[in-house]
Amino acid sequence: MNIDQLLDNLIIELHLLDPLSSLVFIKLEILLVHGVTNNNQASFCREFEEIGSSYFSISMTALLILIHLATLLNSSLAIRKLLGTQRNIETEFIRTSCGTTTDPGLCMTTFSGYASEIQASPKLLARTALSVSLNTTRSASTVIAKLSKSHGLTPKEIAAIRDCVEELKDSVDELKRACDEMGSGGGKSFELRMSDIQTWVSAALTDEDTCMDGFSGKYVNGNLKTTVRRQIVEVAHLISIALTFVNHYAAHP
């Protein structure tokens with residue numbers, strides 16, 4: 001049972017105890033709308049003393065519970081408001097950062113779900129982008145590798161698929177090195193570490209272009225080319241986004 005339901009049940013019980021409990025409804029509404037403070041809490045209790053000692057003795061315990069629950073409810077609402085404000089700040093950071101990339105729509109769709117983890121941190125944003133790019137590249141490599149087992153492919157198409165898979169494997173290695181280096185805290189200077197990361201991510205982006213070059217000829221089946229292109233375009237865009245975030249973090253640590 002939540003706080004609202006518990007409040008409702010207690011108010012009903014007070015109403016059954018005495019018709020004068022209609023005052024409870026009025027005063028409780030004031031507490032919930034305007035918030036519970038030491039002043040209005042004390043005022044609330046004084047006014048109920050005037051109702052009479054018999055009523056006061058019967059309902060005082062329930063009344064204090066109501067006041068306490070109203071306080072908790074106000075605190076809960078304040079916490080939810082604070083958390084909502086924090087989420088807005090985090091989401092706005094993602095939106096602003098994505099606005100600097102080559103594909104803001106894909107960026108926002110991909111990374112808005114990580115807003116609470118990133119917490120408006122350029123470093124965490126770059127690290128998350130590298131991790132997502134790595135996982136997406138691995139998935140694309142698996143999908144494209146399975147295409148080589150399709151029936152009816154020509155030797156040139158099979159060769160193009162295999163070459164593409166090799167390029168994707170290189171991308172996976174480079175992105176993994178970038179992720180590991182981003183998480184490393186010692187040894188190299190910050191400038192040297194970021195320079196290495198930028199080099200690896202740039203190389204991974206070039207690998208995707210090389211992969212697509214193998215499917216540019218007329219000898220490649222149109223459906224095959226479309227399937228491969230769909231996989232590679234998403235990977236390339238995510239790596240490009242990651243590179244943008246890495247570059248920003250390198251310039252503004």
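Me: How many disulfides does the protein chain hold, counted by a distance rule?

Reply: The count comes to 2 disulfides, where a disulfide is taken as a pair of cysteine sulfur atoms within 2.5 Å. This is a predicted model, in which local features need pLDDT of at least 70 and side-chain atom pairs count only at pLDDT 80 or more, while totals for chains, interfaces and linings use all residues. Residues are numbered from 1 along each chain as its sequence is written, and side-chain values use heavy atoms, with hydrogens and water left out.

Me: Which cysteines are paired, and in what pattern along the chain?

Reply: With bonded cysteines counted along the chain, the pattern is 1-2, 3-4. In one pair, Cys 98 and Cys 107, the sulfur atoms lie 2.1 Å apart, and the torsion of -70 degrees about the S-S bond makes this link left-handed. In the other, Cys 164 and Cys 211, the sulfur atoms are 1.8 Å apart, and the disulfide is left-handed because its torsion is about -70 degrees. Since Cys 164 lies in helix H8 and Cys 211 in helix H9 (residues 190–213), this pair ties together parts that are 47 residues apart in sequence. Helices here are DSSP runs of H or I with at least four residues, and strands are runs of E with at least two, both numbered from the N terminus.

Me: Are the cysteines Cys 98 and Cys 211 buried or exposed?

Reply: The terms rest on relative accessible area: buried is under 20%, exposed is over 50%, and partly exposed is in between, with a 1.4 Å probe and protein chains only. Cys 98 is buried at 2%, and its partner Cys 107 is buried at 0%. Cys 164 is likewise buried, at 1%, as is Cys 211 at 2%.

Me: How should the buried residues of a helix be read, and which are they in helix H5?

Reply: The general idea is that an α-helix has 3.6 residues a turn, so residues three or four places apart point the same way. In helix H5 (residues 104–111), the buried residues are Cys 107, Met 108, Thr 110 and Phe 111. They cover an arc of only 170 degrees around the axis, which places them on the same side of H5; the arc is that of the directions from the helix axis to the C-beta atoms.

Me: What does a single buried position in a helix look like, for instance Thr 136 in helix H7?

Reply: Thr 136 sits in helix H7 (residues 122–147) and counts as buried at 17% relative accessibility. The side chain of Thr 136 reaches the backbone oxygen of Val 132 at 2.8 Å. Setting aside neighbours within four places in sequence, Thr 136 is in contact (heavy atoms within 4.5 Å) with Glu 234, Val 235 and Leu 238.

Val 165, in helix H8 (residues 155–183), is buried at 10%. Not counting residues up to four places away in sequence, Val 165 touches Ser 141, Ile 144 and Ala 145. The C-alpha atoms of Val 165 and Lys 146, 19 residues apart along the chain, are separated by 10.0 Å.

Me: Where does Gln 119, with its positive phi, lie in the chain?

Reply: As background, most residues other than glycine have a negative phi, and most peptide bonds are trans. Gln 119 has a positive phi of about 55 degrees although it is not a glycine, and its place is the loop between helix H6 (115–118) and H7. Ala 120 lies in the loop between H6 and H7 as well, with a positive phi near 60 degrees, and is partly exposed at 33%.

Me: What is the overall make-up of the chain, in helices and strands?

Reply: The secondary structure comes to 10 helices and 0 strands. Of the 253 residues, 40% count as buried. Among contacts with a separation of 6 or more, 70% come from residues 24 or more positions apart.

Me: Which residues have a pLDDT that stays under 50?

Reply: pLDDT is the predictor's confidence in each residue, from 0 to 100. The chain averages 80, and 65% of the residues score at least 70, but pLDDT stays under 50 over residues 51–58, for which the model has 11 contacts beyond four places in sequence. Where pLDDT is low, the predicted coordinates should not be read in detail.

Note on methods:
A polar contact is a pair of N or O atoms within 3.5 Å; within protein, one must be able to donate a hydrogen and the other to accept it, and residues adjacent in sequence count only if both atoms are side-chain atoms.
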